[in-house]
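Q: Could you take me through one part of this model in some detail? I'd like a close look at chain B, and then a word on how the rest fits around that chain.

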Amino acid sequence: MDVTALRVSLVLAGAASVSLLAIGLPLAYWLAFTKSRLRFLVEPIVALPLVLPPTVLGLCVLVALGPRSATGRLIEGITGRSLAFTFEGLLVASILYSLPFAVQPFATAFAAVDTRLQEAAACLGASRMSTFLRVILPLSRRGIAAGFILSFAHTLGEFGVVLMVGGNIPGVTRTASIAIYDSVQALDYEGAFRTSAVLVGLSIAILAFTSHLLGGLGFRGGHKR
Amino acid sequence: MIDIAVDRRFPGGPSFRYEVQLATSGTTVLFGPSGCGKTTLLRLLAGLDTPDSGVIRFEDEVWFEGATRRLALPQRRRVGYVTQEGSLFPHLNVRENVAFGVAPSERSLRVPEALRLAGIESLAEQWPHEFSGGQRQRVALARAVAAKPRLLLLDEPLSALDAIARDELRRDLALFLRRVGLPVVLVTHDRTEALTLGDRIAVIGEGRVLQEGPIADVFNRPSSAETARILGIETVVPATITARSDEGLVTLDANGVTLTAIDPGAGIEHVFACIRADEVVIEPAAGPTSARNRLRATILAIRPEGPLVRIDLDCGFPLAASITRAALRDLELHDGSTVNAVVKAPAVHLIPRPPR
């Protein structure tokens, strides 16, 4: 069993899901309440990782981070180094890859908050920010927890993106799913099974917790409040 | 004074044009049938909806000015807005709901005061989902006044309640509003509610304000047939109960005229006596008057209204009667004629009013 790779996976998933709270909550708020037509452009872009092959996404990120692209040069100019084949580069790719898994539950939860409650808060003098923090956020806590957990679990299981962006540096970018692939390639089936068993157990635990939190995973339709 | 002159058009829907000045003291009732635009006007006042053009001024403050695109957000207007269903925050208990619009430093003072005014001190630690409709509305009222509004907007606050709860809360609401002493704009389509709670009334129909004025004046002198139709009662006169009989009847003094009516219930003294025009019978001026609502009256005006004729009478107070054209001919009535107007006791509907 590759403990180092499991640790990298967990740290990456944790960092990605925390970053997605910071990025996803404002983005979801905008998507849930904006009247701008831009929404019809932004929504598909956010949802893109759901349908795109991970290798394609990984390739895009790799090229964007590489020294030949404008963004890559910009990042290198600011940080002094390239993000390709680093943990940070992998994190950027993971955030993009799991974006819909965070933003969709967030936005659905925000949009489900009764507009009349937001109006009541406004009449009571609460600013938009204050209404968000004191009314919308607490009433969306299940959806936010769901988005957090799902993006964590999704990052934990990614393979194609990591392979493209991360390279395979032990202790840095070599995640559990890559380690399993390597073990199988090296005919070390026992090691592969052990690491896999940990991932399976962890995934079931996460999904069971989410199901408990939401009163179901949507197989019977709709989330229970 | 709240000065309103605005247009609001809903794409593919109704258009409203409101031109009215509302008093900033006492309670003004926005009265009209469902769908006539009462709630829209209230939302424009709260800042929850924006007019397409025009002006809204509160005292000397501009809340909306289409020409300069000036708009005060709801947060800046400092109005209390209470909806039909109360819109309580489900994740906060009563105390936290009431404290929502109060600065933290003032909470210890203002929250208990608001709870006491609304009569819900005992519910402070309970949660909205545990409540009946009436309790929810009390919490919503307390929450609104705790935030120190300059104006209270109530959108059919009693309409989501069952009949018993509505009677009870209507009484308490009248008392509450008097104690709070804020200017109130109240939307309703219920006559009893309008007469019990209102000082002034603005009648709304077809997306316009048809008439505005003191409540008895508007009921007695509707400026148009449309207003009269919406109001549904042609005669409303303030009266005081002077005697009660064992037979369930009361004697009233209405502007010096004695009337008999069904007892509205113990403890009620000040009332509006309401009489529909088609329940007034006109007879030649002969025989005794003052017995059992037989009133001597002078005809002020005769106006045809479709197959009927509306007759405005003076019997000590303004009284409207509605009779057929045949009856008008048979009785040979004309302006200035003296007649007897007869109303059966059950046709005199009494609605309690606060003493003023």
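A: Here is a walk through chain B, from its domains to its core and its contacts with chain A.

Keep in mind that this is a predicted model. The domain assignment splits chain B into domain 1 (2-231) and domain 2 (235-352). Taken over C-alpha atoms, the centres of domain 1 and domain 2 of chain B are 34 Å apart. Where the two meet, eight residues of domain 1 of chain B are in contact with nine residues of domain 2 of chain B. On the domain 1 side, the elements that give two or more residues are α7 (191-197) and α8 (215-220) of chain B. By type, the residues on that side of domain 1 of chain B divide into four nonpolar, three polar and one charged.

Now for a helix in domain 1. Is helix α1 of chain B enclosed or not by the rest of the structure, and why? Eight of the nine residues of α1 (residues 38-46) of chain B are buried, so this helix is largely enclosed by the rest of the structure. A residue counts as buried when 20 or more other C-beta atoms lie within 10 Å of its own. The buried ones in α1(B) are Lys38(B), Thr40(B), Leu41(B), Leu42(B), Arg43(B), Leu44(B), Leu45(B) and Ala46(B). Right after α1(B) comes Gly47(B), with a positive phi, near 90 degrees.

On to the core. In soluble globular proteins, nonpolar side chains tend to be buried together. In this model the largest nonpolar core has 161 residues. Leu30(B), Ala142(B), Leu153(B), Ala273(B), Leu319(B), Ala321(B) and Ala341(B) are the residues with the most contacts inside that core. The element that gives the most to this core is from the other chain: helix α5 (residues 87-112) of chain A, with 14 residues. Domain 1 (2-231) and domain 2 (235-352) of chain B both give residues to the core too, so the core lies between them. If you zoom in on Ala142(B), and leave aside residues up to four places away in sequence, you'll find that Ala142(B) touches Val98(B), Ala114(B), Leu115(B), Leu117(B), Ala118(B) and Ile120(B).

There's also a sheet to look at in chain B. Five strands make an open sheet with antiparallel pairing, in the order β14-β13-β12-β15-β21 (chain B). β14 (257-262) and β21 (349-352) of chain B are the edge strands, each pairing on one side only. On average, neighbouring strands of this sheet are turned by 45 degrees against each other, direction ignored. Next to the edge, β13 (residues 249-254) of chain B pairs with β14(B) in the antiparallel sense over six bridges. In one of these strands, β14(B), Thr258(B) is the bridge partner of Asp253(B).

Finally, the neighbour. Chain A has 11 helices and zero strands. Of its 225 residues, 39% count as buried, and the C-alpha trace of chain A spans about 65 × 45 × 25 Å along its principal axes. At the meeting point of the chains, 15 residues of chain B are in contact with 13 residues of chain A. On the chain B side, α2 (74-77) and β7 (79-82) of chain B are the elements that give two or more residues. The largest share of that side, three residues, comes from β7(B). Sorted by type, the residues on the chain B side are eight nonpolar, six polar and one charged.

Conventions:
Residues are numbered from 1 along each chain as its sequence is written. Chains are lettered from A and ligands numbered from 1 in the order in which they are written. This is a predicted model: local features need pLDDT of at least 70, side-chain atom pairs count only at pLDDT 80 or more; totals for chains, interfaces and linings use all residues. A residue is buried if 20 or more other C-beta atoms lie within 10 Å of its own, exposed if 12 or fewer, and partly exposed in between; C-beta atoms are placed from the backbone. Helices (H or I, at least four residues) and strands (E, at least two) are DSSP runs, numbered from the N terminus. A nonpolar core is a set of buried Ala, Val, Leu, Ile, Met, Phe, Trp, Tyr and Cys residues joined through C-beta atoms within 7 Å. Domain bounds come from an automatic or database domain assignment. Two residues are in contact if their C-beta atoms, placed from the backbone, lie within 7 Å. Two strands pair if DSSP finds at least two bridges between them. Axes are lines fitted to C-alpha atoms, for helices over the stretch in contact, and angles run from 0 to 180 degrees between N-to-C directions. Ala, Val, Leu, Ile, Met, Phe, Trp, Tyr, Cys and Pro count as nonpolar, Asp, Glu, Lys and Arg as charged, and the others, Gly among them, as polar.
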